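The following exercises concern the geometry of helices and the packing of side chains. Each task is followed by a solution in steps.

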Amino acid sequence: MSLCSPYDREIFRLTIPALGALAAEPLFLLVDTAVVGHLGRPELAALGIAFTILGGVFAIFNFLQYGTTAQVARAVGAREGAAARRLGAQAVWLSLGFGIAVSAAVALAAPQLVSLMGGRGQAAEFAVTYLRIAAIGFPAAFLALGGQGFLRGVADLRTPLAILGVGNAANVVLVLLFVLGFGWGIEGAAWSTAIAQLGMGAAFVVVVLRRLEPGEARPRPAEARRVLTIGKWIFVRTTALMSSFVLAGAVATRFGDASIAAHQVAFQLWVFLALVLDSLAIAGQIIVGRELGAGRREAAYGAGLRMIWLSVALGGAFAAGLLALSSILPRA
């Protein structure tokens, strides 16, 4: 691999705001983990169970984000601006539909889901409570997925960063107020998450609608199927990947509250680093999609190869840093 690439400047320009936006999501969870962790072992164990379930659900449906980015970026590369905007509108409709369905399913099946994870006693009760309250914000959280997918596709990465940054700041204030100020315990953590997600979802819808021309916001089944074309393969891949993580969480839960609490801390740190690295994938999707849309297949291949080597280098650096801080981060 050459030390310099003609794509490096573009990769850097796209990666920095994408990194900030991706880091916002796990920081959301890390803040809740840090605050709830001071309430006691059952509460932290409950959070570990709930986050394992929610993490699996949201990851499985991330095709709403990544599938949309790929399709919109390709349309932009082909100079089909109207098609790109219509695809963004369909991503919002799909996200809303999936979000409502998942919200209802999780709220109704929360006790069964927690039981499958091996939750018992007070930790199980706390986990069910958290899931049912957090489910209120699911439709908005799904809207944020679709909205981000469209904005990334048109190479607007600063707007998602701003929305997610404000949402996370609001979550920090609310979780401290509800949990430590009002003494609501784990219910306060769930309400702070739901309220912050509702605000972020509404912001993404407003931003997307402002970019559309009259008549482009209505549902269009043909464009919706186009968004799902790539999404179905991402769905299969992510389902397989997240199933292993959910299984690991279920096994840890059966060893007791201390085990799932420790798993929660370690897993959230891993997710944080993984999503930060995913900022390179976003840059890759945008650049490769645009090159393919413009008919430059060799350029798309070269950009993809560059992403792979950069990912290997950054992954190694992150692994070394995590090992060096392994005795400090869990206590923090």
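**Exercise 1: Backbone outliers**

At 23% relative accessibility, Ala155 counts as partly exposed, a class that lies between buried (under 20% relative accessible area) and exposed (over 50%), computed with a 1.4 Å probe on protein chains only. The model is predicted: local features need pLDDT of at least 70 and side-chain atom pairs count only at pLDDT 80 or more, whereas totals for chains, interfaces and linings use all residues. Residues are numbered from 1 along each chain as its sequence is written, and side-chain values use heavy atoms, with hydrogens and water left out.

Task: State where Ala155 and Arg79 lie and give the phi of Ala155 and of Arg79.

Solution.
Step 1. Most residues other than glycine have a negative phi.
Step 2. Ala155, although not a glycine, has a positive phi of about 65°; its place is in the loop between α6 (138-153) and α7. Helices here are DSSP runs (H or I, at least four residues), numbered from the N terminus.
Step 3. Arg79 also is not a glycine and has a positive phi, of about 60°. Its place is in the loop between α3 and α4 (81-116), and with a relative accessible area of 80% Arg79 is exposed.

**Exercise 2: Helix spans**

Task: Compare the end-to-end distances of α7, α5 and α3 with the expected spans.

Solution.
Step 1. The expected span is 1.5 Å times one less than the number of residues in the helix.
Step 2. Helix α7 (residues 158-181) has 24 residues and should therefore span 34 Å; its end C-alpha atoms are 33 Å apart, which agrees. Buried residues of α7 include Pro160, Ile163, Leu164, Gly167 and Asn168. Gly183 follows α7 and has a positive phi, near 70°.
Step 3. Helix α5 (residues 121-134), with 14 residues, reaches 20 Å from its first C-alpha to its last, close to the expected 20 Å.
Step 4. For the 15 residues of α3 the reach is 20 Å, close to the 21 Å expected. Since 13 of these 15 residues are buried, α3 is largely enclosed by the rest of the structure.

**Exercise 3: Helix packing**

Task: Describe how α3 packs with α9 and with α10, and how α2 packs with α6.

Solution.
Step 1. Two packed helices are described by the angle between their axes and the distance between the axes. Axes are lines fitted to C-alpha atoms, for helices over the stretch in contact, and angles run from 0 to 180 degrees between N-to-C directions.
Step 2. Helix α3 (residues 63-77) and helix α9 (residues 221-254) pack at about 135°, their axes 8 Å apart. The two are therefore oblique, the class left over once angles under 35 degrees count as roughly parallel, over 145 as roughly antiparallel and 65 to 115 as roughly perpendicular. Among the contacting residues (heavy atoms within 4.5 Å) are Phe63 and Tyr66 of α3 and Arg226 and Val227 of α9.
Step 3. The axes of α3 and helix α10 (residues 257-293) come within 6 Å and cross at roughly 35°. This contact includes Thr69 and Ala73 of α3 and Asp278 and Ile282 of α10.
Step 4. For α2 and α6, the axes come within 11 Å and cross at roughly 40°, which makes α2 oblique to α6. The contact is made by Leu54, Val57 and Phe58 of α2 with Phe138, Ala141, Phe142 and Leu145 of α6.

**Exercise 4: The nonpolar core**

Task: Identify the residues with the most contacts inside the largest nonpolar core, and trace the contacts of Ala190.

Solution.
Step 1. A nonpolar core is a set of buried Ala, Val, Leu, Ile, Met, Phe, Trp, Tyr and Cys residues joined through side-chain atoms within 4.5 Å.
Step 2. The largest such core has 74 residues, and Phe61, Val114, Tyr130, Leu131 and Phe138 have the most contacts inside it. Helix α2 (residues 41-60) gives the most to this core, eleven residues.
Step 3. A second, separate core of six residues includes Ala59, Met242, Phe245 and Val271.
Step 4. Ala190 lies in helix α8 (residues 186-211) and is buried, at 0% relative accessible area. Leaving aside neighbours within four places in sequence, Ala190 is in contact with Tyr130, Ile133 and Ala134.
Step 5. Beyond four places in sequence, Tyr130 touches, among others, Asp32, Leu47, Ala50 and Ala190.
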